[in-house]
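Colleague: I've got a model open and would like to go through its charged pairs and odd backbone spots with you. Can we take them one at a time?

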Amino acid sequence: MSEIRLFVTSTEKQVAAVLDVMSTIFEDDDYAIATMEIDEKRDVWEASVYMMADEEESVRVRLADALAAGFSHLPIEREVLPDIDWIAKSLEGLAPVRAGRFVVHGSHDRDKVRTGEIAIEIDAGQAFGTGHHGTTAGCLEVLASVAHTRPVRNVLDLGTGSGVLAIAAWKLLHVPVLATDIDPIATRVASENARRNGVVTGMTFATAPSFHSTAFSTNGPFDLIIANILARPLMKMAPQLVANLAAGGSVILSGILAEQRWKVLAAYNGQRLKHVRTIWRNGWVTIHLTK
């Protein structure tokens with residue numbers, strides 16, 4: 001069955017606002033959403049939502065209804081995507097990504113790991129997260145700085161995807177790590193990636209659609225929580241996330257577009273967390289806060 005991309009085209013500012021709308025209406029669904037720069041000089045961007053062909057009609061109706069209030073002038077366009085694993089295809093041959101002491105590489109680049117680097121081998125696959133995205137690299141950079149400034153006894157990687165951040169935390173800190181995701185495929189892939197990286201003990205993987213899962217109460221509270229998701233769900237879950245954070249603990253948040261950072265900060269400042277640092281990578285930000 002073919003995959004469909006529904007998208008709108010506008011300026012960077014309007015597309016960012018459309019992405020906010022998409023995040024709101026699809027945050028509880030399993031649809032991928034994304035923005036893409038098409039023409040830098042003319043300020044042309046696209047905001048897209050991806051689904052299988054049999055879901056197109058219902059997704060289009062929901063999207064059109066959501067855009068009717070402020071973006072009715074933007075036509076919803078359609079693209080049928082070829083039946084190709086575009087994640088794997090687009091990442092073939094990409095150079096290793098370095099962030100602090102970490103290097104994230106594919107199996108074809110094992111010989112490029114340098115002495116003293118913490119190597120994490122992740123090949124493109126079904127779960128998101130290879131280190132090439134600015135959010136993942138930003139989390140790795142902040143993770144390294146947190147490890148140097150405060151003791152960490154346990155870690156939660158919320159929305160683990162491929163498991164790259166959970167594996168990085170374990171390799172750096174050698175403390176218990178809980179890696180959760182709402183997608184059982186991601187949980188399975190993350191577990192497989194951990195074994196591929198030689199991590200056989202000290203990591204727990206759980207499919208957990210919400211903080212009601214017993215995985216959190218069993219393994220928490222956590223000295224460090226890493227959540228590389230999207231701005232809207234990060235804001236929504238702020239009270240529960242902070243409730244699972246140990247006193248004096250750190251939070252690393254990403255998946256946040258630069259223009260969304262103030263809303264995310266406001267949500268977590270409202271939970272009495274203190275802002276430590278924000279770093280920028282390719283239009284995305286990673287935020288470090290403490291309790």
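What follows is a short run of questions and answers on salt bridges, surface charge and unusual backbone geometry.

Colleague: Before we dig in, what kind of model is this, experimental or predicted?

Modeller: Local features here are taken up at a pLDDT of at least 70, and side-chain atom pairs at 80 or more. So keep in mind that the model is predicted.

Colleague: Okay, salt bridges then. How many does the structure hold?

Modeller: As a general point, side chains of opposite charge can pair when their charged atoms come close. The cut-off used here is a Lys or Arg side-chain nitrogen within 4 Å of a carboxyl oxygen of Asp or Glu. With that, the count comes to 11.

Colleague: Which residue forms a salt bridge with Glu46?

Modeller: Glu46 sits in strand E3, and its partner is in strand E1 (residues 3-10), 41 residues apart, so this pair links distant parts of the chain. Both partners are buried. The closest N and O atoms are 2.8 Å apart, and the partner is Arg5.

Colleague: Which residue is linked with Arg5 and Glu46 in a network of salt bridges?

Modeller: We already have Glu46 paired with Arg5 at 2.8 Å. The network of salt bridges takes in those two and one further name, Glu79.

Colleague: Now Arg60 and Glu56, which meet in a salt bridge. Which of them is buried and which is partly exposed?

Modeller: Both lie in helix H2 (residues 56-71), four residues apart, or about one turn of the helix. Their side chains meet at 3.7 Å, N to O. Buried means under 20% relative accessible area. Arg60, at 28%, therefore counts as partly exposed, while Glu56, at 11%, is the buried one.

Colleague: And Arg277 with Glu141: how many residues apart in sequence are the parts they tie together?

Modeller: The closest N and O atoms of this salt bridge are 3.1 Å apart. Arg277 lies in strand E13 (residues 274-281) and Glu141 in helix H4, so the pair ties together parts separated in sequence by 136 residues.

Colleague: Is that pair buried, exposed or partly exposed?

Modeller: Arg277 has 31% relative accessibility, and Glu141 has a relative accessible area of 26%. Partly exposed covers the range between under 20% and over 50%. So Arg277 and Glu141 both count as partly exposed.

Colleague: Let's move to the surface. Which Asp belongs to the negative surface patch?

Modeller: The patch is formed by Glu12, Glu37, Glu40, Glu259 and one Asp. That Asp is in the loop between strand E2 (32-39) and strand E3 (44-52). At 30% relative accessibility it counts as partly exposed. The residue is Asp43.

Colleague: Backbone next. What is the phi of Asp43?

Modeller: In general, most residues other than glycine have a negative phi. Asp43 goes the other way: it is not a glycine, yet its phi is positive, at about 55°.

Colleague: His174 has a positive phi too. Is His174 buried, partly exposed or exposed?

Modeller: His174 lies in the loop between helix H5 (164-173) and strand E9 (177-181). A polar atom of its side chain is 3.2 Å from the backbone oxygen of Lys171. The cut-off for exposed is over 50%, and His174 has 54% relative accessibility, so it counts as exposed.

Colleague: Where is the cis peptide bond?

Modeller: Most peptide bonds are trans, so a cis one is worth a look. This one leads into a proline in the loop between helix H7 (214-219) and strand E11 (222-228). Omega is near 0°, and the bond runs from Gly220 to Pro221.

Colleague: Last one: which side chain has a polar atom 2.9 Å from the backbone oxygen of Pro221?

Modeller: The residue in question lies in the loop between helix H4 (134-149) and strand E8 (155-158). With a relative accessible area of 12%, it is buried. The side chain belongs to Asn154.

Terms used
Residues numbered from 1 in each chain as written. Heavy atoms only, no water. Patch = residues over 30% accessible without salt bridge, like charges linked within 9 Å, V, L, I, M, F, W, Y side chains within 5 Å. Areas by Shrake-Rupley, 256 points an atom, 1.4 Å probe, with all protein chains shown as cover. Lys, Arg positive; Asp, Glu negative; His and termini not counted. Charge placed at Lys NZ, Arg CZ, Asp CG, Glu CD. Helix = DSSP H or I, 4+ residues; strand = E, 2+ residues; numbered from the N terminus. Buried < 20%, exposed > 50% of the residue type's maximum accessible area, 1.4 Å probe, protein only. Polar contact = N/O pair within 3.5 Å; in protein donor to acceptor, adjacent residues only side chain to side chain.
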